[in-house]
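Below are some notes on the model, set out as numbered points for a reader who wishes to check each one against the coordinates. The helix packing is taken up at the start, and the sheet and the remaining strands follow.

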Amino acid sequence: MDKPKLIVDGKRMDGRAMDELRPILIKAGVLNKADGSAYIEWGKNKVLAAVYGPRECIPKHDENPYKALVRCTYRMSPFCSLEEHGRRGPSRRGTEISKLISNVFDTVVMAEHFPKTAIDIFVEVLQADGGTRVAGLTAAAVALADAGIPMKDVVCGVAAGKIDGEIAVDFGKYEDNFGESDIPVAVSPRTGELLLLQMDGMLTKDEVMRSVDMAISASMKVHELQVAALKERYAEKEKSGALGGEGDNGGGSLPSDAGGGRQGMALQPVPGDAGESAR
Ligand code: ADP
């Protein structure tokens, strides 16, 4: 396919302004069997995230006596894209994205509370249209919070970069594939800390700084949607009496921990330093 015009009369292909995100919908607690789950529609992306754990770490030789192993498996469905994706097995790209999402959550999950266990995050891309790694990561953070896993923050990600000579945020597939440069970023909204920074293509130092600033500002809007989805989830649980820790919650299962502190953690990031206790 020839490169399409990505900007016409100051507007992008889908009519957005340079700093405008695609429409985003986030729903927490969408799977019955997972400890935590979330579904995100981000533009035309559709992504499911499921969290299992803390649970027994298998294989045993991956077990860490001091903290939980936080690991992510990102996968694209064979039917996720306009052009035939077709492959079901692991791919280099899938391995890369799994690793970077694992690394982000290894930083924010308070894994030291759960030695010798594993926290498994699964990200399944049902439909792809550019920016699936940040959409998956954003959904995974909500799923972890839904599972009651203590975290320093509910992190999120947005990409920014350059298309047709302009710095813009949140690329759709054509902008991603035909733009000059793409910088996916993950942010801790509470501290402003960058947890992921990748880059495709070439940019000047000033363009990198402007792209990252734009991605961080956009992340704050995404974070508000994450918090709203979690509040809605907790309101549903409260209504059904599931927050008391009894029975099935009608969505993702409640963690068996009777302390209750894990549930509150996700919505109220812990103040103070990283080592502070979650409870
Ligand atoms: P991201 O989805 O995080 O932007 P890439 O930059 O690698 O990751 O991919 C950009 C977009 O290109 C994807 O969102 C998807 O729409 C498409 N794409 C990439 N790899 C594949 C693939 N193997 N099969 C189908 N579509 C793909």
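1. Two residues are taken to be in contact if their C-beta atoms, placed from the backbone, lie within 7 Å, and helices (H or I, at least four residues) and strands (E, at least two) are DSSP runs, numbered from the N terminus. The model is a predicted one, in which local features need pLDDT of at least 70 and side-chain atom pairs count only at pLDDT 80 or more, while totals for chains, interfaces and linings use all residues. Residues are numbered from 1 along each chain as its sequence is written.

2. On these terms, Ile97, Ile101, Val104 and Phe105 of helix H1 meet Arg133, Gly136, Leu137, Ala140 and Leu144 of helix H2. The residues of this contact divide into 7 nonpolar, 1 polar and 1 charged, where Ala, Val, Leu, Ile, Met, Phe, Trp, Tyr, Cys and Pro count as nonpolar, Asp, Glu, Lys and Arg as charged, and the others, Gly among them, as polar.

3. Two packed helices are described by the angle between their axes and the distance between the axes. For H1 (residues 92–108) and H2 (residues 132–146) the axes come within 11 Å and cross at roughly 40°; axes here are lines fitted to C-alpha atoms, for helices over the stretch in contact, and angles run from 0 to 180 degrees between N-to-C directions. H1 and H2 are therefore oblique to each other, given that angles under 35 degrees count as roughly parallel, over 145 as roughly antiparallel, 65 to 115 as roughly perpendicular and the rest as oblique. H1 passes H2 in a right-handed crossing, the convention being that a crossing is left-handed if the near helix is turned anticlockwise from the far one by less than a right angle, and right-handed if clockwise.

4. H2 also meets helix H4 (residues 205–240), with axes that come within 10 Å and cross at roughly 30°. That makes H2 roughly parallel to H4, and the crossing of H2 with H4 is right-handed. Thr138, Ala141, Val142, Ala145 and Asp146 on the H2 side meet Val222, Gln226, Ala229, Leu230 and Arg233 on the H4 side, and by class this contact has 6 nonpolar, 2 polar and 2 charged residues.

5. Which strands make up the open sheet, and in what order? There are 5 strands in the order E3-E4-E5-E7-E6, with mixed pairing, two strands being paired if DSSP finds at least two bridges between them. E3 and E6 (69–76) are the edge strands, each pairing on one side only, and the twist averages 15° from one strand to the next.

6. At one edge, E3 and E4 (residues 36–42) pair in the antiparallel sense over 5 bridges, with Tyr39 in E4 as the bridge partner of Lys27. The side chains alternate along E3 (residues 24–28): Ile24, Ile26 and Ala28 point to one face and are buried, whereas Leu25 and Lys27 point to the other and are not. A residue is buried if 20 or more other C-beta atoms lie within 10 Å of its own, exposed if 12 or fewer, and partly exposed in between, with C-beta atoms placed from the backbone.

7. At the other edge, E6 and E7 (residues 117–127) pair in the parallel sense over 8 bridges, and Val70 has Ile119 of E7 as its bridge partner. H1 lies across E6 and E7, running at about 145° to E6. H2 packs on the sheet as well, touching E3, E4, E5 (45–56), E6 and E7, and its direction makes about 150° with that of E4.

8. Strand E10 (residues 181–188) has 7 of its 8 residues buried, so it is largely enclosed by the rest of the structure. E10 pairs in the antiparallel sense with E8 (residues 156–163) over 7 bridges, and Ala160 stands opposite Ile183 in E10. With E11 (residues 193–197), E10 runs antiparallel over 4 bridges and forms a hairpin with 4 residues between the strands, where Gly192 in the turn has a positive phi of about 80°.

9. Is Lys152, in the loop between H2 and E8, buried or exposed? Lys152 counts as buried because it has 22 C-beta neighbours inside 10 Å. The C-alpha atoms of Lys152 and Ser188, 36 residues apart along the chain, are separated by 8.5 Å.
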